[in-house]
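Me: Hi! I've got a structure open and would like to talk it through with you. Can we go piece by piece?

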Amino acid sequence: MSAPRKCGACTLCCRLTAIPELNKQYGVWCRHCSIGEGCKAYEQRPPSCYSYECLWLKGGLPDNLRPDRCKVVFEELKGHFIYLVLVNFGMPDAWKNRDIRREISQLAKDGFAVVVSVEGGKHKYMLIPEGQTKKEVEARLRAAQKEISETNRCQPQPTQQI
Ligand code: SF4
Ligand code: SF4
């Protein structure tokens, strides 16, 4: 069995998430982040941070799709069958990379809706798995957002289909 992954030099979620405990907004680098190095307040980081695991960290994506390398973060909205694909600012086409598109397609084949959020949600795209409707996915997303607003860190709103 391979060793669990570590974030290493990746710090992308320290920008692409909101952290209620720190009053940090989505898209702003956390004041504790040493970009490309790690957290300067690692021992004191809040629950939103130490409980956070992107799909890459959980081993669900190939090595080359570590978020700081591919410029996107895949995040599961647990219990709602949705994945968010959060694209770094200033790189609106990063998610169109062939390897990323392949992962997005695979998630949809596995029954997950995928919401791609570009430029902090200015552009949003939704891939709906076969047999599901946009209405159903949006209802699940609203339910997820309700939970997120209290416990988690990202707030996308889909408007278009991929
Ligand atoms: S985006 Fe994933 S790999 Fe990168 S710092 Fe956050 S949890 Fe770690
Ligand atoms: S407290 Fe640390 S882990 Fe949490 S967002 Fe800030 S830099 Fe990242």
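Me: Let's start with β5 and β6. How many bridges join them, and do they run parallel or antiparallel?

Reply: Happy to. This is a predicted model, so everything here is computed from it. Strand β6 covers residues 123–127, and five bridges join it to β5 in an antiparallel arrangement.

Me: Which residue in β6 is the bridge partner of Val 118?

Reply: That is His 123.

Me: And how many residues sit between the two strands?

Reply: Four residues lie between β5 and β6, which form a hairpin. Glu 119 is in the turn, with a positive phi of about 50°.

Me: Is Glu 119 a glycine-like case, then? What is special about its phi?

Reply: Its phi, near 50°, is a positive value in a residue other than glycine. Glu 119 belongs to the loop between β5 and β6.

Me: Why does Glu 119 count as partly exposed?

Reply: Because it has 14 C-beta neighbours inside 10 Å, and partly exposed is the class between 12 or fewer (exposed) and 20 or more (buried).

Me: Back to β5 itself. How many of its residues are buried?

Reply: Six of its six residues are buried, so to speak a mostly covered strand by the burial definition. On one side there are Ala 113, Val 115 and Ser 117, on the other Val 114, Val 116 and Val 118, and both faces are covered.

Me: What does β5 pair with on the β4 side, and in which sense, parallel or antiparallel?

Reply: β4 and β5 (residues 113–118) pair in the parallel sense, over five bridges. Ile 82 stands opposite Ala 113 in β5. Between β4 and β5 the chain passes through helix α3 (residues 98–109), making a right-handed β-α-β crossover.

Me: Nice. Any other partner you can name across those two strands?

Reply: Sure: Leu 84 has Val 115 in β5 as its bridge partner.

Me: Where does β4 lie in the sequence, and is it buried or exposed?

Reply: β4 spans residues 82–87 and is mostly covered, with six of its six residues buried. Ile 82, Leu 84 and Leu 86 are buried on one side, and Tyr 83, Val 85 and Val 87 are buried on the other.

Me: What about β3 and β4, how many bridges there?

Reply: Six bridges join β3 (residues 72–77) to β4, and the two run antiparallel. As an example, Val 73 has Leu 86 in β4 as its bridge partner. β3 and β4 form a hairpin with four residues between them, and Gly 79 in the turn has a positive phi of about 85°.

Me: Switching to the ligands. Which residues come nearest to ligand 1?

Reply: Cys 7, Cys 10, Cys 13, Cys 54 and Pro 67 come nearest, out of 13 residues around ligand 1. By class, that shell has ten nonpolar, one polar and two charged residues.

Me: And which residues are around ligand 2?

Reply: They are Cys 14, Ile 19, Cys 30, His 32, Cys 33, Cys 39, Ala 41, Arg 45 and Cys 49. Seven of the shell residues count as nonpolar, one as polar and one as charged.

Me: I also noticed Asn 23. Where is it, and what is its phi?

Reply: Asn 23 is in the segment before β1 (33–34). Its phi is near 55°, a positive value in a residue other than glycine.

Me: Is Asn 23 buried or exposed, and why?

Reply: Asn 23 is exposed, because it has 7 other C-beta atoms within 10 Å and the exposed class takes 12 or fewer.

Me: How about Pro 62, where is that one?

Reply: Pro 62 lies in the loop between α1 (47–50) and α2 (67–70). Pro 62 is exposed, with 12 other C-beta atoms within 10 Å. From Pro 62 to Phe 112 is 50 residues in sequence and 19 Å in space, C-alpha to C-alpha.

Me: Last topic, the whole protein. What's the order of helices and strands?

Reply: Along the sequence the pattern is β-β-α-α-β-β-α-β-β-α-β, with four helices and seven strands. The radius of gyration is 15 Å, close to the 15 Å that the globule rule gives for 162 residues, so the protein is as compact as a globular protein of that length.

Me: How much of it counts as buried?

Reply: Of the 162 residues, 33% count as buried. Among contacts between residues at least 6 apart in sequence, 56% join residues at least 24 apart.

How values were computed: Residues numbered from 1 in each chain as written. Chains lettered and ligands numbered in written order. Predicted model: local features only at pLDDT ≥ 70, side-chain atom pairs only at ≥ 80, totals over all residues. Near = placed C-beta within 6 Å. Nonpolar A, V, L, I, M, F, W, Y, C, P; charged D, E, K, R; others polar. Pairing = 2+ DSSP bridges. Right-handed = clockwise from strand over helix to strand, strands pointing away. Rg over C-alpha atoms; globule rule 2.2 N^0.38 Å. Contact = placed C-beta atoms within 7 Å.
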